[in-house]
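Subject: Handover of a structure

Dear colleague,

Please find below the sequence and structure that I am handing over to you. My findings follow directly after them.

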Amino acid sequence: MIIKVLHEKGLKSEHAYCAGFLSVGLAVASWAGSLKAECRGMERADHWGIFVGEWAPTFFAIGLALANYEHDDQEIASDALHTVAD
């Protein structure tokens, strides 16, 4: 249901894939930044990296679900064109 709403609002699978790749970069950046900026050491930096790193699989999964909706829309449009042409 959430994916359907996102699809109807115009979100495309490419947007979710881009967000996934950006979150991977953000996870590395947050880990490195936390390691240097905070004096709590490696343990705290690992927590930040893992927290942000968990977003990537979620965005990729949303991208796959949206791709299924996009594929279904293309099949419907293709079937409609074949019906009109016949």
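I begin with Ser 13, which is placed in helix H2, a helix made up of residues 13-37. Ser 13 counts as buried, because its relative accessibility is 3% and the cut-off for a buried residue is under 20%. When neighbours within four places in sequence are set aside, the contacts of Ser 13 are Gly 63, Leu 66, Ala 67 and Glu 70.

Please note that this is a predicted model. The mean pLDDT of the protein is 82, and 78% of its residues reach 70 or more. Confidence is highest in helix H1 (residues 2-8), with a mean of 91, and lowest in helix H3 (residues 42-53), with a mean of 76. As a general caution, predicted coordinates should not be read in detail where pLDDT is low.

Overall organisation

The protein contains 4 helices and 0 strands, and its elements follow the order α-α-α-α from the N terminus. Of its 86 residues, 19% are buried. Among contacts with a separation of 6 or more, 72% are made by residues 24 or more positions apart. The protein exposes about 6,400 Å², and 68% of that area is supplied by carbon and sulfur atoms.

Helix H2 and its partners in space

Ala 16 also belongs to helix H2. Ala 16 is buried because its relative accessible area is 5%, against a limit of under 20%. Apart from neighbours within four places in sequence, Ala 16 is in contact with Phe 59, Ile 62, Gly 63 and Leu 66. Gly 63 and Leu 66 are thus listed as contacts of Ser 13 and of Ala 16. Ala 16 and Ala 61 are 45 residues apart in sequence, while their C-alpha atoms are 8.4 Å apart in space.

Cys 18 is another residue of helix H2. At 47% relative accessibility, Cys 18 counts as partly exposed, since that class lies between the 20% and 50% limits. A separation of 42 residues in sequence lies between Cys 18 and Phe 60, and the C-alpha to C-alpha distance of this pair is 8.7 Å.

Aromatic pairs

How many aromatic pairs does the structure hold? There are 2 of them. One is formed by Phe 21 and Phe 60 in an edge-to-face arrangement, with 5.1 Å from centre to centre and 75° between the planes. This pair links distant parts of the chain: Phe 21 is in helix H2 and Phe 60 is in helix H4 (residues 55-85), 39 residues apart. Phe 21 is exposed because its relative accessible area is 59%, and the exposed class begins over 50%. Phe 60, at 26% relative accessibility, counts as partly exposed.

Phe 51 and Trp 55 also form an edge-to-face aromatic pair, with 5.6 Å from centre to centre and 75° between the planes. Phe 51 is partly exposed, with a relative accessible area of 44%. Trp 55 is found in helix H4 and is likewise partly exposed, at 34% relative accessibility.

A nonpolar surface patch

Which residues form the nonpolar patch on the surface? They are Leu 26, Trp 48, Phe 51 and Trp 55, and together they have about 400 Å² of accessible area. Phe 51 and Trp 55 therefore appear both in an aromatic pair and in this patch, whose members must each have over 30% relative accessible area. Trp 55, at 34%, satisfies that cut-off.

Trp 48, a further member of the patch, lies in helix H3. Trp 48 counts as partly exposed, with a relative accessibility of 39%. Trp 48 and Ala 27 are 21 residues apart in sequence, and their C-alpha to C-alpha distance is 7.4 Å. When you examine Trp 48, please bear in mind that helix H3 has the lowest confidence, with a mean of 76.

With kind regards

Note on methods: Residues are numbered from 1 along each chain as its sequence is written. This is a predicted model: local features need pLDDT of at least 70, side-chain atom pairs count only at pLDDT 80 or more; totals for chains, interfaces and linings use all residues. Side-chain values use heavy atoms; hydrogens and water are left out. Helices (H or I, at least four residues) and strands (E, at least two) are DSSP runs, numbered from the N terminus. Buried means under 20% relative accessible area, exposed over 50%, partly exposed in between (1.4 Å probe, protein chains only). Contact means heavy atoms within 4.5 Å. pLDDT is the predictor's confidence in each residue, from 0 to 100. Rings of Phe, Tyr and Trp (its six-membered ring) pair if their centres lie within 6.5 Å; planes under 30 degrees apart count as stacked, over 60 as edge-to-face and the rest as tilted. Patches are made of residues with over 30% relative accessible area and no salt bridge: like charges are joined within 9 Å, nonpolar side chains (Val, Leu, Ile, Met, Phe, Trp, Tyr) within 5 Å. Accessible areas come from the Shrake-Rupley method with a 1.4 Å probe; for residues, only the protein chains shown count as cover. A salt bridge is a side-chain nitrogen of Lys or Arg within 4 Å of a carboxyl oxygen of Asp or Glu.
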